[in-house]
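Here is a set of short exercises to work through with the model open beside you. Try each task before reading its solution.

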Amino acid sequence: VSQSRYRSYRLIEVKDYTRLCFEAAYNVGGNSLLRLNDNFGIALDRLDIMEHFFKVVDALTVNGTPCTAVGWQGHLHLGALLVTNPNFMDNLRTLIHECTIRKIQLHVTVFDVYQADKSLLQQAAVYRSIFTELYKSNICTMFTTWGLGDADSWYIATGAHLDAMPLLFDSLYQPKQAYIEIQNSMKAISK
């Protein structure tokens with residue numbers, strides 16, 4: 001049993017429960033995409049959680065239980081990102097590497113960047129650098145934001161940050177600089 005600040009991973013219990021769920025889903029529809037999902041702490045700052053997570057993935061797959069993707073939930077707070085995890089990009093590369101060596105897809109299952117007191121240009125730069133790293137990897141096959149426009153943000157809905165503008169489109173569903181930067185990144189890499 002490994003204790004972490006956020007949760008307790010009981011590898012045997014998690015592995016068996018997950019194995020049974022994944023096997024049942026696979027037996028119902030053999031073409032099912034089976035994804036195990038985590039946030040790996042705030043801003044990918046918990047490599048210990050990532051290590052235990054991949055032990056669960058390995059324990060599943062070594063016994064023949066299919067696991068076709070790893071999911072990452074990324075809710076980044078721009079004002080605190082470098083304070084909470086100055087090694088964020090290195091940790092993202094570690095996540096990509098762990099998926100690559102296992103030959104399983106990486107899915108960004110939810111993503112947003114709360115701008116806090118920073119500019120939307122800084123937010124766009126963060127979106128671009130993260131998306132570029134993921135896109136170049138060829139292992140990331142899904143990138144999903146938590147909502148479409150800023151008015152749909154969970155930050156607004158829950159009242160967590162009423163000034164939040166964390167998504168790719170503004171509250172009128174017009175593309176923001178972050179969206180443009182992702183498009184530019186895709187074009188540059190595809191050349």
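Keep in mind throughout that this is a predicted model.

**Exercise 1. Tyrosine 173**

Task: Decide whether tyrosine 173 is buried, partly exposed or exposed, and find where tyrosine 173 is placed.

Solution. Begin with the accessibility: the relative accessible area of tyrosine 173 is 39%. Buried would need a value under 20%, and exposed a value over 50%. Tyrosine 173 is therefore partly exposed. Next, locate it: tyrosine 173 sits in the loop between α6 (154-158) and α7 (177-190). Finally, check the backbone, where phi of tyrosine 173 is positive, at about 65°, although the residue is not a glycine. As background, most residues other than glycine have a negative phi.

**Exercise 2. Another positive phi**

Task: Describe the backbone angle phi of phenylalanine 40, its place in the chain and its accessibility.

Solution. Phi comes out near 55°, again a positive value in a residue other than glycine. Phenylalanine 40 belongs to the loop between β3 and α2. Its relative accessibility is 0%, so phenylalanine 40 counts as buried.

**Exercise 3. Strands around β4**

Task: Work out how β4 pairs with β3 and with β5.

Solution. Take β3 (residues 35-38) to start with: 4 bridges join β3 to β4, and the two run parallel. One pair to look for is arginine 35 with its bridge partner in β4, alanine 69. Now follow the chain through helix α2 (residues 47-62): β3, α2 and β4 form a right-handed β-α-β unit. Then turn to β5 (residues 105-114), which pairs with β4 in the parallel sense over 9 bridges. Here histidine 75 has aspartate 112 in β5 as its bridge partner.

**Exercise 4. The second largest pocket**

Task: Characterise the second largest pocket by its volume, and name the elements that give two or more residues to its lining.

Solution. The volume is about 160 Å³. The lining has 13 residues, and the closest to the centre of the pocket are Gly41, Ile42, Ala43, His75 and Leu76. Two elements give two or more residues each: β4 (69-77) and α3 (81-84). The largest share, 6 residues, comes from β4. Sorting the lining by chemistry gives 6 nonpolar, 7 polar and no charged residues.

**Exercise 5. Two residues of helix α5**

Task: For tyrosine 127 and glutamate 133, judge whether each is buried or exposed, then list the contacts of each beyond four places in sequence.

Solution. Tyrosine 127 lies in helix α5 (residues 120-137), and glutamate 133 is found in α5 as well. Tyrosine 127 has 0% relative accessibility and so counts as buried. Glutamate 133 has a relative accessible area of 16%, so glutamate 133 is buried too. Beyond four places in sequence, tyrosine 127 touches Phe111, Asp112, Val113, Phe143, Thr145, Pro166, Leu167, Leu168, Ala178 and Ile182. With the same neighbours in sequence left out, glutamate 133 touches Met89, Leu92, Arg93 and Ile96.

**Exercise 6. Distances along and across**

Task: Give the C-alpha separation between valine 62 and isoleucine 130, and between tyrosine 127 and serine 190.

Solution. Valine 62 is in helix α2 and counts as exposed, because its relative accessibility is 65%. Valine 62 and isoleucine 130 are 68 residues apart along the chain, and 31 Å separates their C-alpha atoms. Tyrosine 127 and serine 190 are 63 residues apart in sequence, with their C-alpha atoms 18 Å apart in space.

How values were computed:
Residues numbered from 1 in each chain as written. Predicted model: local features only at pLDDT ≥ 70, side-chain atom pairs only at ≥ 80, totals over all residues. Heavy atoms only, no water. Buried < 20%, exposed > 50% of the residue type's maximum accessible area, 1.4 Å probe, protein only. Contact = heavy atoms within 4.5 Å. 1 Å grid on protein atoms, 1.4 Å probe; cavity = no way out; pocket = protein on both sides within 12 Å on 5 of 7 lines; lining within 4 Å. Points joined across faces, edges and corners; volume = space filled by probe spheres on them. Nonpolar A, V, L, I, M, F, W, Y, C, P; charged D, E, K, R; others polar. Pairing = 2+ DSSP bridges. Right-handed = clockwise from strand over helix to strand, strands pointing away.
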